[in-house]
Amino acid sequence: MAIEKVKSFFKEHNMDERIQEFPVSSATVALAAEALHCEPQRIAKTLSFLIDGQPVLVVAAGDTKIDNPKYKAQFGAKAKMLTPEEAETLVGHAVGGVCPFAVNTGVKVYLDVSLKRFDTVFPACGSANSAIELTIPELEQYSGYVSWVDVCKGYEILAQ
């Protein structure tokens with residue numbers, strides 16, 4: 001199971017104890033926010049796309065949507081989300097538990113600037129009922145991200 005891969009990954013960093021597993025689903029932003037008792041925007045959803053035949057993950061705040069013009073300007077392609085079958089095969093995690101940790105070789109991870117307004121966020125951990133609370137520097141460190149991108153809309157920047 002993918003959660004076991006993620007647990008092993010975090011165990012290597014002495015962080016596996018921080019993974020939370022729930023008796024209820026956390027497969028959507030709303031369900032994850034309910035399970036974690038936090039604001040939906042603090043859920044770090046991981047969206048999976050296909051660009052030139054290669055899987056790409058964009059981790060974004062829970063209150064965002066992909067902005068197609070921004071996405072095309074960033075990646076040079078139209079946003080084409082992976083099917084659930086493609087996500088599991090190409091990324092290594094099933095939809096509902098897709099996360100930027102312990103992914104298959106060759107998967108590129110990008111972090112959307114919508115996350116920068118929070119001290120901590122909650123990405124999934126490879127299953128539809130798990131999450132981990134990470135600071136933004138921890139998310140950068142453990143996601144193996146390529147770069148920060150600005151490809152989302154629908155959120156408000158909090159006053160600094």
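Strand β6 (residues 120-123) pairs with strand β8 (residues 134-135) in the antiparallel sense over two bridges, where pairing requires at least two bridges found by DSSP; helices (H or I, at least four residues) and strands (E, at least two) are DSSP runs, numbered from the N terminus. The model is predicted, with pLDDT of at least 70 needed for local features and 80 or more for side-chain atom pairs, while totals for chains, interfaces and linings use all residues. Residues are numbered from 1 along each chain as its sequence is written, and side-chain values use heavy atoms, without hydrogens and water.

Val121 of β6 stands opposite Leu134 in β8. Strand β6 also pairs with β2, in the parallel sense and over two bridges, and Ala44 stands opposite Pro123 in β6. From β6, Thr120 and Phe122 point one way and Val121 and Pro123 the other, and all are buried (under 20% relative accessible area, 1.4 Å probe, protein chains only).

The largest nonpolar core (buried Ala, Val, Leu, Ile, Met, Phe, Trp, Tyr and Cys residues joined through side-chain atoms within 4.5 Å) has 30 residues, and Phe10, Phe101, Leu115, Ile132 and Leu139 have the most contacts inside it. At least two residues of this core come from each of α1 (2-11), β2 (43-51), β3 (54-61), α4 (84-91), β5 (108-112) and α5 (136-143). A second, separate core comprises 15 residues, among them Leu47, Val56, Val58 and Ile66.

Beyond its neighbours within four places in sequence, Leu115 is in contact (heavy atoms within 4.5 Å) with residues including Ala44, Val121, Leu139 and Trp148.

Definitions and conventions:
Buried < 20%, exposed > 50% of the residue type's maximum accessible area, 1.4 Å probe, protein only.
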